[in-house]
Amino acid sequence: MATSTEVLQTKTEDLLIGALLRVPAQAIQRRLIKELNAAGFDELRLPHMAVLQFPGPNGARPGTIAERAGMSKQAINQLLSSLESYGYLLRSDGEGSARVVRSTERGHAAFWKMVDILRDIEEEWRTELGPERFAQLKALLFVVWDSPLVR
């Protein structure tokens, strides 16, 4: 009979990195939406995260937001229209003929609420993993973030 360590090693080896990163990211996004809704940002849904994800839409062009999200400009413009109708952002003329997205007061409030929720999540992960392992996880993820692997 396999020990729990052997079972864990097998599971870890069998899982590809995409799943290991995707599942926690999706759980974080679901929690963000759930807690944002509970805090009075009732209109926000998971698809809106494509626009609201770090670094946020403030000051960006719709095309830039689409590129970050890996979505078409048409799809992003639908999300931008939705968020604009809910009062989270405005689209205005920028330099030349390009439109620029700006967060409203409500948009900024949602952003800061997201920061609070993410800090709570980090604290829970730190408690679950232990401070040293959590610091290692963040350090390794930052190395990947800052490498050609994500370009």
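How many Å should the 25 residues of helix α6 span, at 1.5 Å a residue? The expected span of helix α6, which covers residues 105-129, is 36 Å. Its end C-alpha atoms are 36 Å apart, which agrees with that expectation. Keep in mind as you look around that this is a predicted model.

**The buried residues of α6**

Let's start with the residues that are hidden away. The buried residues of α6 are G107, A110, M114, V115, I117 and I121. What do these residues pack against? Their partners are α2 (17-38), α3 (49-52) and β2 (99-103). Follow the chain past the helix and you meet G130, just after α6, with a positive phi of about 90 degrees.

**Salt bridges that involve α6**

The structure holds seven salt bridges. Here are some that involve residues of α6, with their N to O distances.

| Residue | Partner | Distance (N to O) |
|---|---|---|
| R106 | E43 | 3.2 Å |
| E122 | R126 | 3.9 Å |
| K138 | E122 | 3.1 Å |

Take R106 and E43, whose side chains meet in a salt bridge. This pair links distant parts of the chain: R106 belongs to helix α6, while E43 sits in the loop between α2 and α3, 63 residues apart. R106 has a relative accessibility of 29%, so it counts as partly exposed. E43 is partly exposed too, because its relative accessible area is 25%, and buried would mean under 20%.

Now try a pair within one helix. E122 and R126 also form a salt bridge. Why are they separated by about one helical turn? The reason is that E122 and R126 are four residues apart in helix α6. An α-helix has 3.6 residues a turn, so residues three or four places apart point the same way. Both side chains can be placed on the accessibility scale: E122 is partly exposed at 30%, and R126 is partly exposed at 27%.

**A link to the next helix**

E122 has another partner, as K138 and E122 meet in a salt bridge of 3.1 Å. K138 lies in helix α7 (residues 131-145) and E122 in helix α6, so this pair ties together parts that are 16 residues apart in sequence. With a relative accessible area of 39%, K138 counts as partly exposed.

Which residues are linked in a network of salt bridges? The network is made up of E122, E123, R126 and K138. Try finding these four side chains in the structure above.

Conventions:
Residues numbered from 1 in each chain as written. Predicted model: local features only at pLDDT ≥ 70, side-chain atom pairs only at ≥ 80, totals over all residues. Heavy atoms only, no water. Helix = DSSP H or I, 4+ residues; strand = E, 2+ residues; numbered from the N terminus. Expected span 1.5 Å × (residues − 1). Buried < 20%, exposed > 50% of the residue type's maximum accessible area, 1.4 Å probe, protein only. Contact = heavy atoms within 4.5 Å.
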